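Open the model in a viewer and keep a selection prompt ready. The tour goes through one sheet, then the cavities, then the pockets.

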Amino acid sequence: MKVAAFGKTSDGRPITSYTLTGGPGAELEVLDYGGKVRRLSVPDRQGTCENIAMSLDFAKPGFGGSLIGRYANRLAGGKFSIDGTEYSLPTNIAPDGMPCLLHGGPAGFHDRVWKARPVESADGEALELKLLSPDGEGGFPGNLDVTCVYTFTRENKWRIEWTATTDKPTPINFTHHVYFNLSGEARRPVNETVVAIAADGYTPTGPGDITTGAIDNVAGTPFDFTSPHPIGERLSGAYDKNWVLRSQDGSLAFAASAEDASTGRRMEAWTTEKGMQFYSGFALNDSLKDQFGRPLFPLAAFAFETQDHPDSVTKPDWPNTVLRPGAVFKSTTEYRFGTL
């Protein structure tokens, strides 16, 4: 594994880069800062390896390309209750004038330098990232010990394995917010990328993009990806919703696929999680830059963010996302890369 100094965060913390090797020519370069992805180079149908991963500019803290926690997606009002105790967290966005906590807030995993070390794996090169989120960080209760292991296999599977323990009951919802553009260095808009999602339902949202508590059927709607559709075919490609995956039993199951006909690249997302936020990048624009300082544009890349349902901790009929002392949280997601 290649290990190199990468520079410093905006407030002076040293950053180290780790490059994992997969199949011939394939590489995954990540930082201990937020677990951010700098490069994910995989082959096209001609065997040419190019970077297909997009993160947001490393010069300032940002969610794009990073590990996300303690709580991914939105928490309405930044409030939740556990065992009769209400917790109020500092909010960081207010769409439609409705404050909410997004992706763990400013004190989230994305802006922490994780303790990193290469570890042994029978499947390929692996990197262990560890973090202690102390009691009260970001307003959350409990000391939370988190480990995330990245493995990049010889078959070009990027496996992300989470484990976590706590000393107080606390809500958790982890994800990875890397973006993908399967056209590689061509950086074409992803509107022609063909997507399929193994989900018959999705969680509709109301004001502030907060989930309503309902689960609607995708049939007959633009959210039906049970058969493949190009991203730009409907809704002008403007997707940013959580899909309720068919597999709900915690096994590693197929969640989604994406294909780029121009390069022949294909990827699949497999996960033990119950939901997946599909974001098409329609709101990206040239006020934002990628990890190489290049201006972005609408539909510059898409994200498959595997997770529990947004705001689930406030909805008693949805999956319980509270981790309690003595329990061990485990979650696995794989992004599998190949060609048509």
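This is a predicted model. Before turning to the sheet, select strand β23, residues 240–245. With three residues, β23 gives the most to the lining of the second largest cavity, a place the tour comes back to below.

**The sheet**

Display the strands of the open sheet, nine in number, in the order β12-β13-β14-β15-β29-β25-β24-β19-β22. The pairing in this sheet is antiparallel. Its edge strands are β12 (115–119) and β22 (229–230), each of which pairs on one side only.

Start at the β12 edge. Select β12 together with β13, residues 124–133. These two strands run antiparallel and are joined by five bridges. To find one of the residue pairs, pick Lys 115, whose bridge partner in β13 is Lys 130.

Next select residues 144–153 for β14 and 157–166 for β15. Nine bridges join this antiparallel pair. Show Phe 152 and look across to β15, where Trp 158 is its bridge partner. The hairpin of β14 and β15 has three residues between the strands. Zoom in on Asn 156 in this hairpin, which takes a positive phi near 60°.

Keep β15 and add β29, residues 329–339. This pair is also antiparallel, with eight bridges joining the two strands. Select Lys 157 and then Arg 336, its bridge partner in β29. Leave β29 highlighted, as it returns at the last stop.

**The cavities**

How many cavities of 30 Å³ or more does a search of the whole structure find? There are four.

For the largest cavity, select Ala 53, Met 54, Asn 181, Arg 187 and Arg 294, the lining residues that lie nearest its centre. The whole lining comprises 14 residues: six nonpolar, four polar and four charged. The space in this cavity is about 120 Å³.

Now go to the second largest cavity, which holds about 80 Å³ of space. Select its lining in full: Asn 73, Arg 74, Thr 203, Thr 205, Asp 209, Thr 211, Asp 240, Lys 241, Asn 242, Gln 277 and Pro 310. Colour the selection by class to see one nonpolar, six polar and four charged residues. β23, selected at the outset, gives the most to this lining.

**The pockets**

Which residues of the lining of the largest pocket lie nearest its centre? Select Leu 56, Phe 63, Leu 102, His 177 and Tyr 179. They belong to a lining of 27 residues, which divides into 12 nonpolar, eight polar and seven charged. The volume of this pocket is about 570 Å³.

The last stop is the second largest pocket, with about 250 Å³ of space. Centre the view on Lys 274, Asp 308, Asn 320, Phe 329 and Lys 330, which lie nearest the centre of the pocket among its 14 lining residues. By class, this lining has five nonpolar, five polar and four charged residues.

Bring back the strands here. β28 (322–323) and β29 each supply at least two residues of the lining, and β29 gives the most, with three. The strand that is joined to β15 by eight bridges therefore also appears at this pocket, as set out by the strand assignment.

Conventions:
Residues are numbered from 1 along each chain as its sequence is written. This is a predicted model: local features need pLDDT of at least 70, side-chain atom pairs count only at pLDDT 80 or more; totals for chains, interfaces and linings use all residues. Side-chain values use heavy atoms; hydrogens and water are left out. Two strands pair if DSSP finds at least two bridges between them. Helices (H or I, at least four residues) and strands (E, at least two) are DSSP runs, numbered from the N terminus. On a 1 Å grid over the protein atoms alone, a cavity is a set of points where a 1.4 Å probe fits but cannot get out, and a pocket is an open set with protein on both sides within 12 Å along at least five of seven lines; lining residues have an atom within 4 Å of a point. Grid points are joined across faces, edges and corners, and a volume is the space filled by probe spheres set on the points. Ala, Val, Leu, Ile, Met, Phe, Trp, Tyr, Cys and Pro count as nonpolar, Asp, Glu, Lys and Arg as charged, and the others, Gly among them, as polar.
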